[in-house]
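Trainee: I have a new model to read and would like to start with its metal sites. Could you guide me?

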Amino acid sequence: MLEEIRGRMTRDGIRIYEDADFAGMREAGRVAASILDDVGALVVPGVTTGALDDFIRSEVARHGAVSATIGYKGYQHASCISVNHVVCHGIPGAKVLMDGDILNIDVTVIVGGWFGDTSRMYVAGQANRKAERLIEVTHEGLMRGIAAVKPGNTFGDIGHAIQAYVESNRMSVVRDFCGHGLGRVFHASPNVLHYGRPGSGAVLEEGMFFTVEPMVNLGRPETKVLADDWTAVTRDKSLSAQFEHSIGVTATGCEIFTASPAGKFFKP
Ligand code: MF3
Ligand code: CO
Ligand code: CO
């Protein structure tokens with residue numbers, strides 16, 4: 001009961017969390033990020049995406065966490081694994097990774113009731129230069145969006161920072177999927193767009209928790225969802241990349257809950 005009345009909502013319907021809540025998100029984010037750290041060693045040519053998901057499922061349990069995705073709207077896996085032209089929500093399974101494949105692994109865990117949602121790109125073997133560049137630009141786009149997060153700025157400022165950087169590199173930002181508020185729930189208000197105009201959208205306030213998770217395509221931005229009702233792919237079959245962090249707005253900027261505990265970051 002107490003939990004339901006703690007904190008407040010903004011006029012835009014965005015929950016404002018309290019100082020003490022940052023500790024819960026920090027722990028959930030740390031677990032999700034350390035699983036992404038550890039799965040990296042398994043990403044080699046010849047492995048199946050299903051084997052990667054099996055490892056993630058067991059790591060979630062080993063950390064005493066719960067998978068947020070198993071049972072979510074009927075989804076049955078502990079991760080989404082999106083290979084090459086798959087934009088997001090790729091379903092792990094029998095697919096065997098080949099040398100040069102690029103893939104996003106997205107993990108969401110629940111720890112003590114708090115949700116940690118994060119994804120990164122990986123390469124099986126050696127990627128070509130264009131693919132490496134796509135991954136680099138996507139990560140830098142995410143970090144530029146996050147750099148725009150501080151009280152008084154708007155969600156449009158985040159989207160604009162990402163879009164301006166990505167498009168200046170002649171790549172495109174996916175419009176059909178967005179980031180989201182999270183905390184004690186997986187998906188909440190607001191929709192965090194990865195494109196936009198400076199100064200547009202809701203004003204950022206200390207205590208907001210949300211994800212930034214831009215998807216960037218080498219070709220056109222349009223996507224379509226396959227018959228499995230999950231897998232989103234680029235319409236033009238061009239390569240797509242994504243990185244995701246869960247963050248909390250602080251008095252002066254933001255805290256990244258899902259930063260790599262091992263200090264890993266993408267380097268082509
Ligand atoms: N983790 C994804 C996100 O960033 C959501 C995955 S939902 C699933 O919001 F059911 F596909 F796993
Ligand atoms: Co997310
Ligand atoms: Co995610």
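Trainee: How are the donor residues of the cobalt ion (ligand 2) spaced in sequence?

Mentor: Donors are N, O and S atoms within 2.8 Å of the metal (3.2 Å for Na, K and Ca); water is not among the atoms, so sites may look incomplete. Here the spacing is D-x62-H-x32-E-x30-E. The protein donors are D117 (OD), H180 (NE2), E213 (OE) and E244 (OE), at 2.0 to 2.2 Å from this cobalt ion (ligand 2). Remember that this is a predicted model: local features need pLDDT of at least 70, side-chain atom pairs count only at pLDDT 80 or more, and totals for chains, interfaces and linings use all residues. Residues are numbered from 1 along each chain as its sequence is written, chains are lettered from A and ligands numbered from 1 in the order in which they are written, and side-chain values use heavy atoms, leaving out hydrogens and water.

Trainee: Which residues supply the protein donors of the cobalt ion (ligand 3)?

Mentor: D106 (OD) is listed twice, along with D117 (OD) and E244 (OE), and these donors lie 2.1 to 2.3 Å from the cobalt ion (ligand 3). Their residues follow the spacing D-x10-D-x126-E. D117 bridges the two cobalt ions (ligand 2 and ligand 3), which are 3.3 Å apart.

Trainee: Why is the arrangement around the cobalt ion (ligand 3) called irregular?

Mentor: Its six donor atoms subtend angles of 58 to 168°, and therefore the arrangement is irregular. The site of the cobalt ion (ligand 2) is irregular too, with angles of 51 to 161° among six donor atoms.

Trainee: Which residues come nearest to ligand 1?

Mentor: Of the 14 residues around ligand 1 (each with a heavy atom within 4 Å), the nearest are T69, H180, H187, E213 and E244.

Trainee: Which polar side-chain atoms lie by an oxygen atom of ligand 1, and how far away?

Mentor: We look for polar contacts, pairs of N or O atoms within 3.5 Å. One such atom of D117 is 3.1 Å from an oxygen atom of ligand 1, while one of H187 is 2.8 Å from an oxygen atom of ligand 1. The protein covers 96% of the 340 Å² of accessible area that ligand 1 has on its own (Shrake-Rupley method, 1.4 Å probe).

Notes. Polar contact = N/O pair within 3.5 Å; in protein donor to acceptor, adjacent residues only side chain to side chain. Tetrahedral: all angles 85-135°; square planar, octahedral: opposite > 155°, others 65-115°.
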